[in-house]
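Visitor: Could you take me on a close look at the place where the two chains meet? I'd like one connected walk through that part.

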Protein chains: 2
Amino acid sequence: MLDEMGKAAKAASYQLATLSTAEKNRVLMTIAEQLEAQSAEILAANQQDLADARQNGMSEALLDRLMLNPARLKGIADDVRQVCRLADPVGLLIDGGRLDSGLRIERRRVPLGVVGVIYEARPNVTVDVASLCLKTGNAAILRGGKETYRTNGATVRVIQSALQQHGLPAGAVQAIESPDRELVNQLLKLDRYVDMLIPRGGAGLHKLCREQSTIPVITGGIGVCHIYIDVSYELDAALKVIVNAKKQRPSACNSVETLLVNQAIADAFLPALSQRMAQEGVKLHADALSLPLLQQGPAEVEAVKAGEYDDEWLSLDLNVRVVKDMDEAIAHIRQHGTQHSDAILTRDTRSAERFVNQVDSSAVYVNASTRFTDGGQFGLGAEVAVSTQKLHARGPMGLEALTTYKWVAYGDDTVRA
Amino acid sequence: MLDEMGKAAKAASYQLATLSTAEKNRVLMTIAEQLEAQSAEILAANQQDLADARQNGMSEALLDRLMLNPARLKGIADDVRQVCRLADPVGLLIDGGRLDSGLRIERRRVPLGVVGVIYEARPNVTVDVASLCLKTGNAAILRGGKETYRTNGATVRVIQSALQQHGLPAGAVQAIESPDRELVNQLLKLDRYVDMLIPRGGAGLHKLCREQSTIPVITGGIGVCHIYIDVSYELDAALKVIVNAKKQRPSACNSVETLLVNQAIADAFLPALSQRMAQEGVKLHADALSLPLLQQGPAEVEAVKAGEYDDEWLSLDLNVRVVKDMDEAIAHIRQHGTQHSDAILTRDTRSAERFVNQVDSSAVYVNASTRFTDGGQFGLGAEVAVSTQKLHARGPMGLEALTTYKWVAYGDDTVRA
């Protein structure tokens, strides 16, 4: 079955690659319309998924994430309309010129071909990924969380009917409509047809893909993010940035998990931090040096445990460690970080540049919250995923990350000497 | 042992990433000098490798490829001096700007970190890869063909002594100095330290890496390349391009393996092709339609066998197939090609553009030989490998392909709203 899907997707990708931006936008507008016009079927499928999930004891928070209603569906349709407004990277020339051989050469942006995406039980991601793939002329094979397979199936059928209205094949966007996990394993081996695989989910899914997939994989999304507070930063400014990085959305991968505090300012800074964190409801996990200083303030504090530097809290918890100097901070980040987003707070230009150069993360911040690592915030207009590997794309992936390039060479009976 | 190598490489990579272009070039110049000054040890190790290889029955052609002498070593050293002259991509800004949030953002080119390369028994590749990695601030772990492990070890020790003269760690360039294949399997799992893996070798090695490696892999180097001869091309011009694409270096991955001939010109073209190929000593493997027409000429011709469209000949053999039209040619290329290099010979602008857009290969040629797919020919100044996958790099990989980017964001206590 997966083999048939792969074949259909590859065939569709050839057709999608030849569409103009205007043609692709017309398809996207029809998809947006049809998501609203055919909402009844999607909502009915969603009701079934919800009923099953409730019966299986899914938490209210997760049920809410899974749930669609007319207003949410309209929001999803509006997001598709927004994708129409984004600039299309396909066809852009990256570089080129005339070679000594007389050959005229160009590096031209082209779609990747077929993109596979494995994601959690969020019905909006189905439409989101499909519209970004279509905008860039890619076919998509989607495997959403097993709790939403009916919703995803119904949604993709609406998208397929819109595609067919424009004479495009249903193979352009396909969902794996089954909760069977074995199909995921099959998808991972579909390198004959799938050009890129994006897992969006927890560390376990990323590990599975890295170990089992024969398709090039983009891994990321796990963020153990740090803020290092250097000697020269004002206390109030530091607290403002820290509160934002921790509290603005604690469950996000770009929220801060560990503060590294220069020992020269620890005596003044840590009691004030404790004060503020108590107000904000943040629980602190302190190393031996910071523990007594934090305990001078009212925050809930306990000694940090083994492994707590290496995992995301994704909650109102924050590790605090006193470091001797910036080198110790950088060494900590190298050892415990996930190369996602790390920040320095400093007024010293040399410290700033050294941190930027030596911290090997997708996004490195000077005097700013780590919460900006996001396609929308970075001006990409969209976000397919956040990559923490180094090949192909790093950090937030916009439309460009859904393309590759092709060398095109024009000659006149040109031969190699 | 591999784990220790990985750790040392990662540590070295942090130091290499901070070097200026001038500093890196000074190291490269010392490496070039030392390869000449310390040639005795390298040549002695090479003699031992050669003696073993001869005893194991290696062919004279392969022995020659393995063999070093003072002249070849000087050539290798000169290649290192040439790498000094290449532009350093590290530190370049890809793009950037000021965001609505007030954040000033940059996308800055940075080294990948640690690059692993697995290659055949060619001692020059050791120095070539090491110098390209150093030029781009990357550490390298090298595993050359098992028949050259002593030569590679001696060569890398010379490189390491040059590194240490400049205060750089030996971990920056390391060779796996053992013919044990189990170490390759260990290297494939070293994702904790190695950022990119480049296999240079046959289809089997690429398959092994794709299936077993947990490190992002660049695969490529297998070229089943096609030339499609459209209705409007002059016979002599076509023969000139075909002879170049087949004969200029038959063992290269960018040499042509299959001609696809439009049926409208088959009657005139194929007897002339047979005439010319007989002169050039090229044996033809013909489909049912082309066979009788080719047999009108003097070339050695036999019927093409199952599977022969799908493999590289790498010799003076050439498949010939008559196709109904360009669509059939494109369908053939999609089914049998390896997305390496494919060409159309046509005087019709519409045919040219349609072929360029619909053939999904790393390099697509109009009216030129496929033999140009090469880092040097494409003006990249160097070639790390030729990628036929779509992630990260496609076609000939120059220095840029040994880099990634980092998002750097400067704020002033900037927080997300």
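Guide: Sure, and let's start with how the copies are related, keeping in mind that this is a predicted model. Turn chain A by 180 degrees, with 0.0 Å of shift along the rotation axis, and it superposes on chain B with an RMSD of 0.0 Å. That is the relation of a two-fold axis. Both copies use the same surface, too: 100% of the contact residues of chain A turn up again in chain B. If you want a landmark for the axis, go to A:H392, whose C-alpha sits 1.8 Å from it, the closest approach of any residue of chain A.

Now for the contact itself. Chain A puts in 75 residues and chain B puts in 75 residues. Between them the chains bury about 6500 Å², and 52% of that is on carbon and sulfur atoms. On the chain A side, look for A:L391, A:W407 and A:R416: these supply 14% of the area chain A buries against chain B, more than any other three residues. There's charge pairing here as well, with twelve salt bridges counted between chain A and chain B. One to click on is the pair A:D412 and B:R347, whose side chains meet at 3.5 Å, N to O.

Next, follow the backbone. Strand β16 of chain A, residues 403-414, pairs with strand β13 of chain B, residues 363-368, in the parallel sense over five bridges. Within that pairing, A:A409 stands opposite B:Y365 of β13(B).

Zoom out a little and you'll see the sheet that this pairing belongs to. It is an open sheet of ten strands with mixed pairing, in the order β1(A)-β2(A)-β16(A)-β13(B)-β12(B)-β7(B)-β8(B)-β11(B)-β9(B)-β10(B). At its edges stand β1 of chain A (93-98) and β10 of chain B (301-303); each has a single partner strand, so one side of each is left without a neighbour in the sheet. From one strand to the next, the twist averages 25 degrees. Helix α11 of chain B, residues 263-280, packs on the sheet and touches β7 (225-229), β8 (256-262), β9 (283-286) and β11 (317-323) of chain B. The direction of α11 makes about 140 degrees with that of β8(B).

For some context along the chain, an unreviewed UniProt entry lists residues 3-280 of chain A as "domain: Aldehyde dehydrogenase". Over that stretch of chain A you have 54% helix and 15% strand, and the end C-alpha atoms lie 52 Å apart.

Key
Residues numbered from 1 in each chain as written. Chains lettered and ligands numbered in written order. Predicted model: local features only at pLDDT ≥ 70, side-chain atom pairs only at ≥ 80, totals over all residues. Heavy atoms only, no water. Least-squares fit on C-alpha atoms with pLDDT ≥ 70 in both. Contact = heavy atoms within 4.5 Å. UniProt positions renumbered as here; feature names shortened; annotations may be inferred. Helix = DSSP H or I, 4+ residues; strand = E, 2+ residues; numbered from the N terminus. Pairing = 2+ DSSP bridges. Axes fitted to C-alpha atoms, helices over the stretch in contact; angles between N-to-C directions. Buried area = accessible area lost by both parts, 1.4 Å probe. Salt bridge = Lys/Arg side-chain N within 4 Å of Asp/Glu carboxyl O.
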